[in-house]
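Work through the exercises below with the structure in view. Try each task before you read its solution.

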Amino acid sequence: MTDPDRSSGPPALALRGVSCTFVARHAPGQRYTAVRDVDLTVGAGEFVSVVGPTGCGKSTLLNVAAGLLAPSTGSVACFGRPLQGLNTRAGYLFQAESLMPWRTALGNVMAGLEFRGEPRAREIAEAWLRRVGLGLFGDRYPHQLSGGMRKRVSLAQMLALDPDVILMDEPFSALDIQTRQLMENEVLALWAEKRKAVLFITHDLDEAIAMSDRVVVLSAGPAARPIGEFRIDIARPRDVAEIKTTPHFIELHAAIWDVLREEVLKGYAQQLEGA
Ligand SMILES: Nc1ncnc2c1ncn2[C@@H]1O[C@H](COP(=O)(O)OP(=O)(O)OP(=O)(O)O)[C@@H](O)[C@H]1O
């Protein structure tokens, strides 16, 4: 297995000195700095999670990496090239449902491939549906599938396009715990095959540790920034449910929670003030 530290070449993603300022939601004349001066890299083949209190700016950073949001200051590079507009080397998986309700599962997985003009769109989409365990469900519409199945279709849709960088924003948070653990294991198994760079956003520390090579902790906002970084030296392949009871996992959890706890309390207090 390749050690991401030893991979040569530029990182898959490099955010340098990134700040994002918005018009404040509750005070339109004022500006709100969500994140300030953030340096964040994801090496080629590396799985990096960002955790932080609610509203600290995790999704903002992901949107910057996706090219959906231009930072107010700072720069973003993907494999050494400055990002201009959408990050075309990245694939996304978001928390929200993203399937087209008027297309079947197969039709949804085929959509991006067709858009690209891929002549083997159907064949590739069928193969990916089988890979995510939905080979027999290609003709179902999203409303005829369970939440977990819909998430699998979204995963197949994203992976079928073979992105070099995968961006995930709390993709499994709406799923029940058993489905969630199955999906996490499946994502890890698929990831292990190709070792694409992953930037994974979650507020769930257990999930972050279980999945990642590295966990970055963001401070509470405003002007959130990374305040801790932890290498997760747990052997792979991992079973996300099983490793949570191992002494090393518990040790890592305690060390990261030690940094995160105060920020979570700050974030929670801010949320109550804003309510
Ligand atoms: N377009 C915008 N306009 C104004 N404020 C914004 C905008 N986007 C984000 N914000 C603010 O920036 C801060 C960071 O938001 P963001 O969604 O990145 O946080 P998060 O850490 O992903 O939150 P959560 O954990 O709740 O998903 C929040 O206070 C949010 O209200």
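**Exercise 1: Helix α2 and what follows**

Task: Find what sign phi has at G117, the residue after α2.

Solution. Start at helix α2, residues 105-115. Helices here are DSSP runs of H or I with at least four residues, strands are runs of E with at least two, and both are numbered from the N terminus. G117 follows α2, and its phi is positive, near 80 degrees.

Next, list the buried residues of α2. Buried means 20 or more other C-beta atoms within 10 Å of the residue's own; exposed means 12 or fewer, partly exposed lies in between, and C-beta atoms are placed from the backbone. The list is A105, L106, N108, V109, M110 and L113. Their cover includes α3 (121-131) and α4 (147-160).

**Exercise 2: How far to trust the model**

Task: Decide where the coordinates call for caution.

Solution. This is a predicted model: local features need pLDDT of at least 70, side-chain atom pairs count only at pLDDT 80 or more, and totals for chains, interfaces and linings use all residues. Residues are numbered from 1 along each chain as its sequence is written. pLDDT is the predictor's confidence in each residue, from 0 to 100. The protein chain averages 91, and 97% of the residues score at least 70. Over residues 1-6 the pLDDT is below 50. Where pLDDT is low, the predicted coordinates should not be read in detail. The model scores ipTM 0.95 and pTM 0.92.

**Exercise 3: The ligand shell**

Task: Name the residues that come nearest to the ligand.

Solution. A residue is near if its C-beta atom, placed from the backbone, lies within 6 Å. The shell holds 14 residues, and F22, A34, K58, S59 and T60 come nearest. Two elements give two or more residues: β2 (31-42) and α1 (58-66). α1 gives the most, with three residues.

**Exercise 4: T41 in strand β2**

Task: Say why T41 counts as partly exposed.

Solution. T41 is found in strand β2. T41 counts as partly exposed because it has 18 C-beta neighbours inside 10 Å. Leaving out residues up to four places away in sequence, T41 touches P11, L13 and A14. Contact means C-beta atoms, placed from the backbone, within 7 Å.

**Exercise 5: Two domains**

Task: Trace the domains and their contact.

Solution. Domain 1 covers 13-89 + 164-274, and domain 2 covers 96-162. These bounds come from an automatic or database domain assignment. The C-alpha centres of the two domains lie 26 Å apart. Eight residues from domain 1 and five residues from domain 2 make the contact.

How values were computed:
Two residues are in contact if their C-beta atoms, placed from the backbone, lie within 7 Å.
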